[in-house]
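Thanks for making time, everyone. I'd like to walk you through a structure that's new to most of you, so have the view open and follow along.

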Amino acid sequence: NTYVRTASLARSTGVALYNNSIGLFTTPMKSSAALMPAMVDVNAIIKQLCAVLGHQVLVDGLFSSDPHPGNVMLLPDGRLGLIDFGQAKQLSDAQRRAVALMVVAVASADHDAILKLTRATKFKTKRNDPKAVVRYMQLMWEGSLRELGRLSKIDPVEQTDGEMVMVRRAVILVRSLGAMMGCKVNMAKEWEELARQVLVQLDKAGRAGGEGGPEAGGPEAAARAAAAAKGVHVEI
């Protein structure tokens, strides 16, 4: 496991996050801050943050699209505290389903499914090259964030897809935070099990209440999906 002292995190987080996000497209900043002796289990923290974001997006349909380090607090008892929901976004059942389908497709490396799901949205690149479109979706969830920066220069994005871009923004922020602390995050794999469970629950709710019926994606479906998300407890 990777461990760092919290004081070191406070000094280097801003520079490292910049270099692993905006810095990928511009000139990286330099930092001489060195990591100090072990105190915090970074892997466990990042894994917990991934699980919380997955619960918010896939189960609650209400998530913070701005989980940068300044909005993530490590509490004395080891829990994570998330603050500043000024950029909170709400997803419909159809959008939660779309995210879950994309997570499963990326985790399964199903290129045909990734392309089909993306083509059903407003997401478009300058050349709209199928391979580039698939690679964009993959790199949002897994792989090298630096490659994502290089791809944006070869076939830049010209149109995004509403609330879905905010989901990917939150995912990239968490992945960037993990990267700058030495933790490679494959968010598709982190969310795959929960995504499959949510898809099952949404399908059941749809059959019980009819497409768009009163029970489709209602509180009962959310409660069942939440029960399936073992190990994640969210308090407001």
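**A quick tour**

So, the protein has nine helices and eight strands. Before I go on, please keep in mind that this is a predicted model. Of its 236 residues, 44% are buried. And if you take the contacts between residues at least 6 apart in sequence, 72% of them join residues at least 24 apart.

Let's start in the middle. Which residues of the largest nonpolar core touch the most other members? That core has 54 residues, and the ones to look for are V57, L58, V99, W141, V167, M187 and W191. Several helices feed into this core: α2 (42–60), α3 (93–107), α5 (130–141), α6 (145–154), α7 (163–180) and α8 (187–209) each supply at least two residues. As background, nonpolar side chains in soluble globular proteins tend to be buried together.

Now click on W191. Setting aside neighbours within four places in sequence, W191 is in contact with C50, L53, G54, V57, L58, V99, V103, W141 and V171.

Next, a pair of helices. In general, you describe two packed helices by the angle between their axes and the distance between the axes. For α2 and α3, the axes come within 8 Å and cross at roughly 130°. An angle from 115 to 145 degrees falls in the oblique range, so α2 and α3 are oblique to each other. On the α2 side, the contact is made by V57, L58 and V59, and on the α3 side by R96, V99 and A100. Sorted by class, that contact has five nonpolar residues, one charged and no polar.

Let's stay with α3 for a moment. How far apart are its end C-alpha atoms? They are 21 Å apart, and that agrees with the 21 Å that the 15 residues should span at 1.5 Å a residue. Quite a list of α3 residues is buried: R96, V99, A100, M102, V103, V104, A105, V106 and A107.

Pick V106 out of that list, in helix α3. Its relative accessible area is 1%, so V106 is buried. Leaving out residues up to four places away in sequence, V106 touches I114, M137, Q138, W141, E142 and A188. There's also a long jump along the chain here: V106 and N186 are 80 residues apart, yet their C-alpha atoms are separated by 9.9 Å.

Over to α2, where you'll find L49. Is L49 buried or exposed? At 3% relative accessibility, it counts as buried. Leaving aside neighbours within four places in sequence, L49 is in contact with V72, L80, L82, V174 and L177. Take L82 from that set: L49 and L82 are 33 residues apart along the chain, with 9.4 Å between their C-alpha atoms.

Last stop, the backbone. Most residues other than glycine have a negative phi. Here are some with a positive one. Just after α3, A109 has a positive phi of about 55°. D84 sits in the loop between β5 (80–82) and β6 (88–90), and its phi is near 60°. At 45% relative accessibility, D84 counts as partly exposed. Then there's N128, in the loop between β7 (124–125) and α5, with a phi near 55°. N128 is at 25% relative accessibility, so it counts as partly exposed too.

That's the tour; over to you.

Conventions: Residues numbered from 1 in each chain as written. Predicted model: local features only at pLDDT ≥ 70, side-chain atom pairs only at ≥ 80, totals over all residues. Heavy atoms only, no water. Core = buried A, V, L, I, M, F, W, Y, C linked by side-chain atoms within 4.5 Å. Buried < 20%, exposed > 50% of the residue type's maximum accessible area, 1.4 Å probe, protein only. Helix = DSSP H or I, 4+ residues; strand = E, 2+ residues; numbered from the N terminus. Contact = heavy atoms within 4.5 Å. Axes fitted to C-alpha atoms, helices over the stretch in contact; angles between N-to-C directions. Parallel < 35°, antiparallel > 145°, perpendicular 65-115°, else oblique. Nonpolar A, V, L, I, M, F, W, Y, C, P; charged D, E, K, R; others polar. Expected span 1.5 Å × (residues − 1).
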